[in-house]
Amino acid sequence: MSLDRSAWASAFARVVIGNLEREYPYAAQHTTVGPEDRALPVELHPAFATSYDWHSSVHMHWLAARLAAYASTTSDTLGGLEAQVTGILEAHLTAHNLAREAEYLAATPHYERPYGWAWGFRLAAEVSTSEAPAIRALAPGFTPFIDVLEDLTTRWVQNAAYPVRHDVHSNSAFGLLLALDAARVLGRAELAETVSRTARAWFGSDAGWPFAWERSGHDFLSAGFAEADLMRAVLPAAEFAGWADGFFSALEPGDEVLAPAVVRDENDPQQVHLFGLDLSRAGSARRVVDALRDAGATGGLVETLEPAVEPLLAAGLAASVGEEYYSTHWLASFAWDAMEAREHAALTVG
């Protein structure tokens, strides 16, 4: 099985189009405040009312933007679907629609915290720096959306004494990482400093993470790998290497967390989260290894983590373009992210 983006881009483009044009089923997660509060998802979320739920819609729009950028910098036209992908983004991500989304988030300040916010930041950063001119032209409309996300994130971390370490949407480390990356890209220096300071306070003294306790039947994140991925983005390389030695001290080669998960029922929407777990671990592990190499590390933890990356990536790929909507409405975003991390590492080594 090829793990290169070029082998999957057209299939992912078909998945993106199918998801972003599909309005139902949709899990709105809207808190109804009265009998008159009966708006349809597209009325509540004119930009993100497809791909099953709000956060999945946001990150499938991110994947669409990444595919458009990929097509603009290669000879790959996504199987002839490049124009259709771009057209969907232009139709959905209008200034009017994004202003409505910003208003909804401001009025419901705990909605999609922090996972949906994180992907919102990442989408905004991607659009703002896209190599595809048609996508980059959408960037001005994101300003009120980003302003609200920054305000919500700042108030959240200032008022929370502890992080959430669950292996699903509520995970704090994953949310902070995407917010930090976007803040740096978007020139939001104050937000970047707030997130970095929070990460150090919440995770800076962690050591001996119990990876053997990870993995329940519906995880799509590894709390340990998500935290390490965040800290390699926060800490200078040498400092991160020391932190990682302590944090990963309980991990041994061959431990279960380094192996693909077992999915027995691919029609179970909770079990298929485990495909996402494989993909998210593949991306995080690759970036952690790269950060350790930047610090001059070559053995030990590097040799433990690096062999796990490609098997984990391969284990989740097929489900991302399959027939089961519980998988295809979201998995391809994680797959593309992990493949980009893998290819970046290959270019760096080369």
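The following exercises, with worked solutions, concern the packing and backbone of a predicted model.

**Exercise 1. Determine how H3 and H4 are oriented to each other, and which residues form their contact.**

Step 1. Locate the two elements: helix H3 spans residues 54-73 and helix H4 spans residues 82-92.

Step 2. Consider the geometry. The two helices pack at an angle of about 135°, and their axes lie 9 Å apart. Because of this angle, H3 counts as oblique to H4; angles over 145 degrees would count as roughly antiparallel. The crossing of H3 past H4 is left-handed.

Step 3. List the participants. H3 contributes His61, Ala64, Ala65, Ala68, Ala71 and Ser72. These meet Glu82, Val85, Thr86, Leu89 and His92 of H4.

Step 4. Classify them. The contact of H3 with H4 holds six nonpolar residues, four polar residues and one charged residue.

**Exercise 2. Describe the buried side of H12 and its contact with H13.**

Step 1. Identify the buried positions. In H12, residues 237-247, these are Phe240, Ala241, Trp243, Ala244 and Phe247.

Step 2. Find their packing partners. The buried residues of H12 pack against H10 (189-203), H11 (223-234), H13 (273-294) and H14 (301-317).

Step 3. Examine the pair H12 and H13. Their packing angle is about 120°, with the axes 8 Å apart. H12 is therefore oblique to H13, and the crossing of these two helices is left-handed.

Step 4. Assign the contact. From H12 come Ala237, Phe240, Ala241 and Ala244, while H13 supplies Val288, Ala291, Leu292 and Asp294. In the contact of H12 with H13, seven residues are nonpolar, none is polar and one is charged.

**Exercise 3. State which residues touch the most other members of the largest nonpolar core, and which helix supplies its largest share.**

Step 1. Begin with the core as a whole: the largest nonpolar core contains 124 residues. Within this core, Leu93 and Phe248 touch the most other members.

Step 2. Turn to the contributing elements. H3 gives the largest share of this core, with eleven residues.

Step 3. Inspect the surroundings of Phe248. Apart from neighbours within four places in sequence, Phe248 is in contact with Phe211, Phe225, Ala228, Val288, Leu301 and Leu305.

**Exercise 4. Locate the cis peptide bonds at Pro25 and Pro114, and the positive phi values of Gln29 and Ser51.**

Step 1. Recall the usual backbone. Most peptide bonds are trans, and most residues other than glycine have a negative phi.

Step 2. Place the cis bonds. Tyr24 and Pro25 are joined by a cis peptide bond with omega of about 0°. Pro25 sits in the loop between H1 (9-20) and H2 (41-44). Another cis peptide bond, with omega of about -10°, joins Arg113 and Pro114. Pro114 belongs to the loop between H5 (95-107) and H6 (115-128).

Step 3. Place the positive phi values. Gln29, a residue other than glycine, has a phi near 55° and lies in the loop between H1 and H2. Ser51, likewise not a glycine, has a phi of about 60° and is found in the loop between H2 and H3.

Step 4. Decide whether each is buried or exposed. The relative accessibility of Gln29 is 58%, so Gln29 counts as exposed, the cut-off being over 50%. Ser51 has a relative accessible area of 0% and is therefore buried, the limit being under 20%.

How values were computed. Residues are numbered from 1 along each chain as its sequence is written. This is a predicted model: local features need pLDDT of at least 70, side-chain atom pairs count only at pLDDT 80 or more; totals for chains, interfaces and linings use all residues. Side-chain values use heavy atoms; hydrogens and water are left out. Axes are lines fitted to C-alpha atoms, for helices over the stretch in contact, and angles run from 0 to 180 degrees between N-to-C directions. Helices (H or I, at least four residues) and strands (E, at least two) are DSSP runs, numbered from the N terminus. Angles under 35 degrees count as roughly parallel, over 145 as roughly antiparallel, 65 to 115 as roughly perpendicular and the rest as oblique. A crossing is left-handed if the near helix is turned anticlockwise from the far one by less than a right angle, and right-handed if clockwise. Contact means heavy atoms within 4.5 Å. Ala, Val, Leu, Ile, Met, Phe, Trp, Tyr, Cys and Pro count as nonpolar, Asp, Glu, Lys and Arg as charged, and the others, Gly among them, as polar. A nonpolar core is a set of buried Ala, Val, Leu, Ile, Met, Phe, Trp, Tyr and Cys residues joined through side-chain atoms within 4.5 Å. Buried means under 20% relative accessible area, exposed over 50%, partly exposed in between (1.4 Å probe, protein chains only).
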